[in-house]
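Colleague: Could you take me through this model, starting with the terms you rely on?

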Amino acid sequence: MNNWIKNSLLVGAVVVLGSSFIYGTATGTNKNSVDVRNHVYLPNNINFAGERAPLNIVDVKERLDRELIVNINLHSSTTLAIKRANRYFPLIEPILKKNGIPDDFKYLAVIESGLANVVSSAGARGFWQFMPATAKEFNMEVTDYVDERYDVVKATEAACEYFKRAKSRFGTWTLAAASYNRGMAGVSNQLTAQQVSDYYDLLLTEETSRYVFRILALKEIMQNAEKYGYALPESTLYQPIKTKKVTVNTDINDLALFAKEQGINYKILKLHNPWMRDTKLVVTPLKEYTVEIPTEGY
């Protein structure tokens, strides 16, 4: 085969391959066929607890844009958050309201834990991700037998107390929320060092810098689920489970036997009372516990 033939075949192959490549990637890339579902239009305005985010500031706008793009495309975790919210928001919302905490703080629990009793690498636990020392500071019991960080109601009450203290210290709910990630001292030190008074004017570590924007993004997505492609049928959402409450003020030596006496099994008992951390319950003196016994769903 002479050089001319070789070169002709080579050029022909490049043209064919090039045409295939162009054809294969052209769909949806020109201005007439763009799939608008892949584009995120920012809301004209957005607020946390009534405190408006200044989207006229370039970096603020782009930080919100980032978190919206990230969380819209985290399909599994965002879908699960929406499903779980249907079960747990009705528990959290009245506690926030009773304590005078803005409803938007429920989205802080979403970004902290995805509304699940998770454990962080640092040892923070539960929906609100309290560390052991902080939990005790806010009157939650943490022992080998009882860990109230796993009790959604008690942990939400403790979180509310934190938010009230932080709001009193910083003057805004936005800074109070940021301090939940960075710590009150950490936020206070940076406000002083940088001589500013607003979260959106602070230069912070990446995690804290993204923190409030993650809350804003989840709020926007969950309040406008259909707009962002998360129109889940009602039947697919996790429903609240009816329970009866049993008060316990004496030790339970065998939780499996106790569960059977209540008409359920050990697994169901522990799933509905994750604050029980052992196979038995040792009651702290002068204290009593409320045990949730489901009456359906098992």
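Modeller: Helices are DSSP runs (H or I, at least four residues) numbered from the N terminus. This is a predicted model, in which local features need pLDDT of at least 70, side-chain atom pairs count only at pLDDT 80 or more, and totals for chains, interfaces and linings use all residues. Residues are numbered from 1 along each chain as its sequence is written, and side-chain values use heavy atoms, with hydrogens and water left out.

Colleague: Is S209 buried or exposed?

Modeller: S209 lies in helix α9, and it touches R63, Y199 and L204 when residues up to four places away in sequence are not counted, contact meaning heavy atoms within 4.5 Å. Buried means under 20% relative accessible area, exposed over 50%, and partly exposed in between, with a 1.4 Å probe and protein chains only. Because its relative accessible area is 16%, S209 is buried.

Colleague: Which residues have the most contacts inside the largest nonpolar core?

Modeller: A nonpolar core is a set of buried Ala, Val, Leu, Ile, Met, Phe, Trp, Tyr and Cys residues joined through side-chain atoms within 4.5 Å. The largest one has 68 residues, and the helices that each supply at least two of them include α3 (75-98) and α9 (206-223). The residues with the most contacts inside this core are W128 and F163.

Colleague: Which residues does F163 contact, leaving aside its neighbours within four places in sequence?

Modeller: F163 belongs to the residues with the most contacts inside the largest core. With those sequence neighbours left aside, its contacts are I101, F105, L108, W128, W173, A176 and Y180.

Methods. Helices (H or I, at least four residues) and strands (E, at least two) are DSSP runs, numbered from the N terminus.
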